[in-house]
Amino acid sequence: MTEHPGKSAGPAADKGALNPRDFDIFEFARSEREAAGVVRVSQLPRMLNEVPAEAPDRDTAFTWQVAGFVQQELQNDGTEGPQPYLRLAVHGGAWLTCQRCLAPYEQAFNADATFRIVQTEEEAEEFPLDDDEVEVIVGSRHFDLVDLIEEELLLSLPLVPKHEVCPEVHESLASGPDGADGVDSVDDVPEQEIETEERVNPFAALESLKKDGPGSKH
Ligand SMILES: [Zn+2]
């Protein structure tokens, strides 16, 4: 390591801190810069939509690394020139809903992609699609890397999110309220019989008063 006693600025100040929401991606690639950071699910509204409300942690984090580079390639004007590229890696986890048992589970994400950076939408459409290794993005002097990270995560979502092995569902939860109903109805019959007897007795008592009443005075 070379020491620079005269300089007081740290390494971050030397490179210039990257704002991942707004930076010149062409310049970033040409000067072959690198950057890294953390993005949370709460910053990625479309990813957040995939996270169930009952997840133990809805705001998980992803780490990302980007590296810019150029390759000498044939340009539109017919000459060889430096073609800008960006390599992006994203790692982390997010809670999704298991489609087998419907419980939330944590899905790991490991995305690694290389992007050919072009100037316009027209150029992007011209790029041959037979190259699976490289995706094409339209660059900008005000590029939003967080958008690109979210795009990559959405592409990495499993087609059918599910546990590798679903946890066992407890038996008492599986056969819950159905069994209890049948037992209660058995008790209803004796209660009705008691009620009927109580109703009959007052009338019987009244009948015996009517019969006894007049005869006892005279
Ligand atoms: Zn499951």
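1. A salt bridge is here a side-chain nitrogen of Lys or Arg within 4 Å of a carboxyl oxygen of Asp or Glu. With that cut-off in hand, Arg-46, Glu-150 and Glu-151 can be described as linked in a network of salt bridges. The coordinates come from a predicted model, and every remark below should be read with that in mind. A search of the whole structure finds seven salt bridges, and several of them are taken up individually in the points that follow.

2. The zinc site deserves attention before the remaining pairs. The ion is coordinated by the SG atoms of Cys-98, Cys-101 and Cys-166 together with ND1 of His-163, at 2.0 to 2.3 Å. The angles among the four donor atoms run from 104 to 118°, and the site is tetrahedral; the assignment follows because four donors count as tetrahedral if all angles lie between 85 and 135 degrees.

3. Along the sequence, the donor residues of the zinc ion follow the spacing C-x2-C-x61-H-x2-C. Two of these donors, Cys-98 and His-163, link distant parts of the chain, since Cys-98 sits in the loop between strand S3 (80–97) and strand S4 (104–118), whereas His-163 belongs to the loop between helix H5 (145–155) and helix H6 (171–174), 65 residues apart. Both Cys-98 and His-163 are buried.

4. Which residue forms a salt bridge with Asp-24? The partner is Arg-141, and the closest N and O atoms of the pair are 3.2 Å apart. This contact links distant parts of the chain, with Arg-141 in the loop between strand S5 (134–138) and H5, and Asp-24 in the loop between helix H1 (11–15) and helix H2 (25–30), 117 residues apart. Arg-141 counts as partly exposed at 44% relative accessibility, and Asp-24 is likewise classed as partly exposed, at 23%.

5. Another salt bridge joins Arg-40 to Asp-59, where the closest N and O atoms are 3.3 Å apart. Arg-40 lies in strand S1 (residues 34–40) and Asp-59 in the loop between helix H3 (45–48) and strand S2 (61–74), so that the pair links distant parts of the chain, 19 residues apart. For Arg-40 the relative accessible area is 37%, which makes this residue partly exposed, and Asp-59, with 25%, is partly exposed as well.

6. The side chains of Asp-112 and Arg-87 also meet in a salt bridge, with an N to O distance of 2.8 Å. Because Asp-112 lies in strand S4 and Arg-87 in strand S3, the pair ties together parts that are 25 residues apart in sequence. Asp-112 is partly exposed at 48% relative accessibility, and Arg-87 is partly exposed with a relative accessible area of 42%.

7. Two backbone conformations are worth checking. Glu-32, in the loop between H2 and S1, has a positive phi of about 50° although it is not a glycine, and this residue counts as partly exposed at 46% relative accessibility. Leu-102, found in the loop between S3 and S4, has a positive phi of about 65° and is likewise not a glycine; with a relative accessible area of 57%, Leu-102 is exposed. As background, most residues other than glycine have a negative phi.

8. A last remark concerns Asp-132, which is placed in the loop between helix H4 (121–126) and S5. Asp-132 is exposed, with a relative accessible area of 70%, and its C-alpha atom is separated by 10.0 Å from that of Thr-114, 18 residues apart along the chain.

How values were computed: Residues numbered from 1 in each chain as written. Predicted model: local features only at pLDDT ≥ 70, side-chain atom pairs only at ≥ 80, totals over all residues. Heavy atoms only, no water. Donors = N, O, S within 2.8 Å, 3.2 Å for Na, K, Ca; no water. Tetrahedral: all angles 85-135°; square planar, octahedral: opposite > 155°, others 65-115°. Helix = DSSP H or I, 4+ residues; strand = E, 2+ residues; numbered from the N terminus. Buried < 20%, exposed > 50% of the residue type's maximum accessible area, 1.4 Å probe, protein only.
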